[in-house]
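Trainee: I have the model open and would like to go through the labels one by one. Could you explain how each one is earned?

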Amino acid sequence: MKPEELLFSSLLLALFALAGGAYGSFFAVGKLNRSRRLLLVGRCFFGLQALVCLLLLRTGSLHLGWKIFLLAGLIGYAVLPPLAWAGLERLHGKEDEKRP
């Protein structure tokens, strides 16, 4: 791998992680505040993350194992925030039912 390819891939991987973090954060804050606008911003960050993932998959600098890992990560980012939110709602809904 050439140094330029390494730098480019590293920057894209950093952007992938940051976009995923921003998606999760805006998703949680949007759900907490019941704000469609914040949820939309979160979805935009997820879209950015998906685009970065596709760009990384198309570059030849990453081996197949890393490309599979990126796809699994993208799927995880898509699935985990809504699942975690649903679990928290169930957990705290049960606590509210127990209170007198």
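Trainee: Let's start with a location: where does Ala72 lie?

Mentor: Ala72 lies in helix H3. Keep in mind that this is a predicted model.

Trainee: Why is Ala72 called partly exposed?

Mentor: Its relative accessible area is 47%. Buried needs under 20% and exposed needs over 50%. Ala72, at 47%, falls in between, so partly exposed is the label. As for distance, the C-alpha atoms of Ala72 and Ala17 are separated by 13 Å, with their positions 55 residues apart along the chain.

Trainee: Ala78 is in helix H3 too. What makes Ala78 partly exposed?

Mentor: The reasoning has the same form. Ala78 has a relative accessible area of 30%, and the in-between class covers values that are neither under 20% nor over 50%. Therefore Ala78 is partly exposed.

Trainee: Which residues does Ala78 touch, apart from those up to four places away in sequence?

Mentor: Those are Tyr23 and Phe46. Contact here means heavy atoms within 4.5 Å. Gly24 can be placed by a C-alpha distance: Ala78 and Gly24 are 9.1 Å apart in space and 54 residues apart in sequence.

Trainee: And Pro81, which is also found in helix H3: why does Pro81 count as buried?

Mentor: Pro81 has 18% relative accessibility, and the limit for buried is under 20%. The value is under that limit, so Pro81 counts as buried. Leaving out residues up to four places away in sequence, Pro81 touches Tyr23, Phe27 and Gly76. The C-alpha atoms of Pro81 and Gly24 are separated by 6.1 Å, although the two residues are 57 apart along the chain.

Trainee: What makes Ile75, Val79, Leu80 and Leu83 a nonpolar patch on the surface?

Mentor: A residue needs over 30% relative accessible area to join a patch, and nonpolar side chains are linked within 5 Å. Take Val79, whose place is in helix H3, residues 64-98. Val79 has a relative accessible area of 38%, so Val79 passes the over 30% test. Together the four residues have about 390 Å² of accessible area.

Trainee: Let's turn to the interior. Which residues make up the largest nonpolar core?

Mentor: There are eight: Leu12, Phe16, Val52, Cys53, Leu56, Leu62, Leu70 and Leu74. Helix H1 (3-33), H2 and H3 each give two or more residues to this core. H2 gives the most, with three residues. In soluble globular proteins, nonpolar side chains tend to be buried together.

Trainee: What does Leu12 contact, beyond its neighbours within four places in sequence?

Mentor: Leu12 is in contact with Val52, Leu55 and Leu56.

Trainee: How do you know that Gln49 is buried?

Mentor: Gln49, which lies in helix H2, has a relative accessible area of 0%. Buried means under 20%, so Gln49 is buried. Beyond its neighbours within four places in sequence, Gln49 is in contact with Phe16, Ala19, Gly20, Leu74 and Tyr77.

Trainee: What about the loops? Why is Thr59 called buried?

Mentor: Thr59 is found in the loop between helix H2 (36-58) and H3. Its relative accessible area is 17%, which is under 20%, so Thr59 is buried. Outside its neighbours within four places in sequence, Thr59 is in contact with Phe8 and Lys67.

Trainee: How far is the backbone oxygen of Leu56 from a polar atom of the Thr59 side chain?

Mentor: They lie 2.8 Å apart. The cut-off for a polar contact is 3.5 Å, so this pair is within the distance limit.

Trainee: Ser61 is found in the loop between H2 and H3 as well. Is Ser61 buried or exposed?

Mentor: Buried: Ser61 has 14% relative accessibility, and that is under 20%. Not counting residues up to four places away in sequence, Ser61 touches Met1, Glu5 and Ser9. From Ser61 to Gly87 the C-alpha distance is 38 Å, with the two 26 residues apart in sequence.

Trainee: Last one: what makes Arg34 exposed?

Mentor: Arg34 has a relative accessible area of 76%. Exposed means over 50%, so Arg34 is exposed. Its place is in the loop between H1 and H2. Arg34 also has a positive phi of about 55°, although it is not a glycine. Most residues other than glycine have a negative phi.

How values were computed: Residues numbered from 1 in each chain as written. Predicted model: local features only at pLDDT ≥ 70, side-chain atom pairs only at ≥ 80, totals over all residues. Heavy atoms only, no water. Patch = residues over 30% accessible without salt bridge, like charges linked within 9 Å, V, L, I, M, F, W, Y side chains within 5 Å. Areas by Shrake-Rupley, 256 points an atom, 1.4 Å probe, with all protein chains shown as cover. Salt bridge = Lys/Arg side-chain N within 4 Å of Asp/Glu carboxyl O. Helix = DSSP H or I, 4+ residues; strand = E, 2+ residues; numbered from the N terminus. Buried < 20%, exposed > 50% of the residue type's maximum accessible area, 1.4 Å probe, protein only. Polar contact = N/O pair within 3.5 Å; in protein donor to acceptor, adjacent residues only side chain to side chain. Core = buried A, V, L, I, M, F, W, Y, C linked by side-chain atoms within 4.5 Å.
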